[in-house]
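Biologist: I'm new to reading structures, and a whole chain is a lot to take in at once. Could you pick a single part, look at it closely with me, and then show me how it sits in the rest?

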Amino acid sequence: LMGSYHLVCTNVPYLLRRKQARALSAFLDSHHPHAKNDLATAFLERCLTLCAAGGTAAIVTPQNWLSHKSYGKMREHLLKCIRWDAVAWLGPKGFQTSMWDFNVAMYLLSDVRPLDTHQFTGLDAQEARAPEAKARMLRESEAVILNQTSQLKNPDARVSVGNPDAGPLLQQLAAGYA
């Protein structure tokens, strides 16, 4: 796997940091410091390095890295340096096996620096409860067009199917107790 590829397509392995062997944790610390909390996100970064200039990675991973605070630097880097072509939020039970009860998403990311005006496709099939219904939603739902640069305006550069320019953030309207 030393070459460069025009298309890297995979369902990456999932293994949270707390279940990783010491050697794997150490490797991820040194090679994927912003993606080390899950083997899946480290694989996402690795797949992007396997892409030739302009190549695309089509990947299925848990969707937690799109919003979890610990992946903020990774998201910020990817939003600034990698062109996002599409994200399909599948949610739980995205596939026909029992092990897929957690929230997953599919991504198309290309090794091209995005323009400030670049837009990508967002599809949301999280509400459907069975793989067949999710597939139907992906085929029949109207895609949301998301501005990639606008995603950086979200807190911690969280990636959301919603439009961050649609209104004020809750933190601007309300105060919470610490």
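**A close look at strand 2**

Modeller: Let's go with strand 2, which is mostly covered: 10 of its 12 residues are buried. Buried here means under 20% relative accessible area, exposed means over 50%, and partly exposed is in between, using a 1.4 Å probe and protein chains only. Strands are DSSP runs of E with at least two residues, helices are runs of H or I with at least four, and both are numbered from the N terminus. Before we go on, this is a predicted model: local features need pLDDT of at least 70 and side-chain atom pairs count only at pLDDT 80 or more, while totals for chains, interfaces and linings use all residues. Residues are numbered from 1 along each chain as its sequence is written, and side-chain values use heavy atoms, leaving out hydrogens and water.

So who pairs with strand 2? Two strands pair if DSSP finds at least two bridges between them. Strand 1 (residues 5–11) runs parallel to strand 2 (residues 51–62), and 6 bridges join them. If you want to find one of those bridges, look for Y5, whose partner in strand 2 is C51. Strand 2 also pairs with strand 4, this time in the antiparallel sense, over 7 bridges. Here you can look for I59, which has Y107 of strand 4 as its bridge partner.

Now step across to strand 4 (residues 104–110). It is mostly covered too, with 5 of its 7 residues buried. Strand 4 pairs with strand 3 (residues 83–91) as well, antiparallel and over 7 bridges. In that pairing, W84 is matched with L109 of strand 4.

W84 leads us to a helix. Among the residues that Q148 touches are W84, R83 and I82, along with L78, L79 and F120; residues up to four places away in sequence are not counted. Touching, or contact, means heavy atoms within 4.5 Å. Q148 belongs to helix 5, and it is buried because its relative accessible area is 1%.

For a contrast, try P168, in the loop between helix 5 (148–151) and helix 6 (170–173). P168 counts as exposed because its relative accessible area is 54%. From I59, back in strand 2, P168 is 109 residues away in sequence and 32 Å away in space, C-alpha to C-alpha.

Finally, zoom out. The protein chain has 6 helices and 6 strands, and along the sequence they come as β-α-α-β-α-β-β-β-α-β-α-α. Its radius of gyration is 17 Å, close to the 16 Å that the globule rule gives for 178 residues, so the chain is as compact as a globular protein of that length. That radius is taken over C-alpha atoms, and the rule is 2.2 Å times the number of residues to the power 0.38. The C-alpha atoms fill a box of roughly 45 × 40 × 35 Å along the principal axes. Of the 178 residues, 38% count as buried. And among contacts between residues at least 6 apart in sequence, 67% join residues at least 24 apart.
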